[in-house]
Amino acid sequence: MPIQKILLVDDSRTELHHLGEMLRKAGYSVRTAENGQQALTSLAEDKPDLILMDVVLPGANGFQLTRTITRDERYADLPVIICSSKGQTTDKVWGMRQGARDYVVKPVDSAELLAKIRALG
């Protein structure tokens with residue numbers, strides 16, 4: 001199933017704007033959330049095809065949120081790509097252990113991110 005709807009989770013409005021615009025220009029429908037609670041509410045209202053998840057968030061962090069989502073049977077098939085400035089190998093390994101399908105380090109290379117999204121669809 002091709003990726004069309006993306007939920008972008010980041011507490012930075014600058015990042016939400018920047019990534020949102022890049023994804024919209026590439027033809028994706030984008031919704032945003034600034035924290036874990038907004039993300040879970042949005043997820044329950046309209047399941048996206050992909051979640052782009054920041055790690056540093058108020059409340060539950062992106063690792064915890066990824067684990068919660070990917071271990072929920074309703075969303076087990078929903079891919080999560082972590083998109084974070086935390087770029088250490090240990091961060092990437094931990095993110096994948098939480099259920100993420102991929103990991104992209106900020107600042108995001110748009111060609112790399114779009115290629116990873118296309119590879120999932």
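Here are five exercises with worked solutions on a predicted model.

**Exercise 1. The overall plan**

Work out how many helices and strands the protein has, and which pattern they follow along the sequence.

*Solution.* Start by counting elements: there are 5 helices and 5 strands. Next, read along the sequence, and the pattern comes out as β-α-β-α-β-α-β-α-β-α. Then turn to size. The radius of gyration is 13 Å, close to the 14 Å that the globule rule gives for 121 residues, so the protein is as compact as a globular protein of that length. Along the principal axes, the C-alpha atoms fill a box of roughly 30 × 30 × 25 Å. Two more values round off the picture. Of the 121 residues, 45% count as buried. Among contacts between residues at least 6 apart in sequence, 63% join residues at least 24 apart.

**Exercise 2. From β1 to β2**

Decide whether β1 and β2 run parallel or antiparallel, then find the handedness of the crossover between them.

*Solution.* Look at the pairing of the two strands: β1 and β2 are joined by 5 bridges and run parallel. For a concrete example, take I6, whose bridge partner in β2 is V30. Now follow the chain from β1 through α1 to β2; this β-α-β crossover is right-handed.

**Exercise 3. The two sides of α2**

For helix α2 (residues 36-45), list the buried residues and say why they lie on the same side.

*Solution.* First pick out residues under 20% relative accessible area. In α2 the buried ones are G36, A39, S42 and L43. They cover an arc of only 130° around the axis, which puts them on the same side of α2. The face turned away from that buried side carries the exposed residues Q37, A44 and E45. Now ask what lies over the buried residues: the cover includes β1 (5-9), β2 (29-33), β3 (50-53) and α3 (62-70). Finally, check the N-terminal end of α2, which is capped by N35: a side-chain oxygen of N35 lies 3.0 Å from the backbone nitrogen of Q37.

**Exercise 4. The same reading for α5**

Find the buried residues of helix α5 (residues 110-120) and the elements they pack against.

*Solution.* The buried residues of α5 are L113, L114, K116 and I117. Their arc around the axis is only 160°, which puts them on the same side of α5. They pack against β1, α1 (13-25), β3, β4 (80-84) and β5. On the other side of α5, A111, R118 and A119 are exposed. At the N-terminal end, the cap is D109, with a side-chain oxygen 3.2 Å from the backbone nitrogen of A111.

**Exercise 5. Two loop residues**

Establish whether Q98 and V55 are buried or exposed, and identify what each contacts.

*Solution.* Begin with Q98, in the loop between α4 (89-97) and β5 (102-105). Its relative accessibility is 3%, so Q98 counts as buried. Leaving aside neighbours within four places in sequence, Q98 contacts F63, T66, R67 and T70. With R67, Q98 also shares a side-chain polar contact of 2.4 Å.

Move on to V55, in the loop between β3 and α3. At 3% relative accessibility, V55 counts as buried. Not counting residues up to four places away in sequence, V55 touches N61, G62, F63, I82, C83, S84, K86 and Y103. To finish, check one distance: the C-alpha atoms of V55 and R71 are 17 Å apart, with the two residues 16 apart along the chain.

How values were computed
Residues numbered from 1 in each chain as written. Predicted model: local features only at pLDDT ≥ 70, side-chain atom pairs only at ≥ 80, totals over all residues. Heavy atoms only, no water. Helix = DSSP H or I, 4+ residues; strand = E, 2+ residues; numbered from the N terminus. Buried < 20%, exposed > 50% of the residue type's maximum accessible area, 1.4 Å probe, protein only. Polar contact = N/O pair within 3.5 Å; in protein donor to acceptor, adjacent residues only side chain to side chain. Contact = heavy atoms within 4.5 Å. Arc of directions from axis to C-beta. Pairing = 2+ DSSP bridges. Right-handed = clockwise from strand over helix to strand, strands pointing away. Rg over C-alpha atoms; globule rule 2.2 N^0.38 Å.
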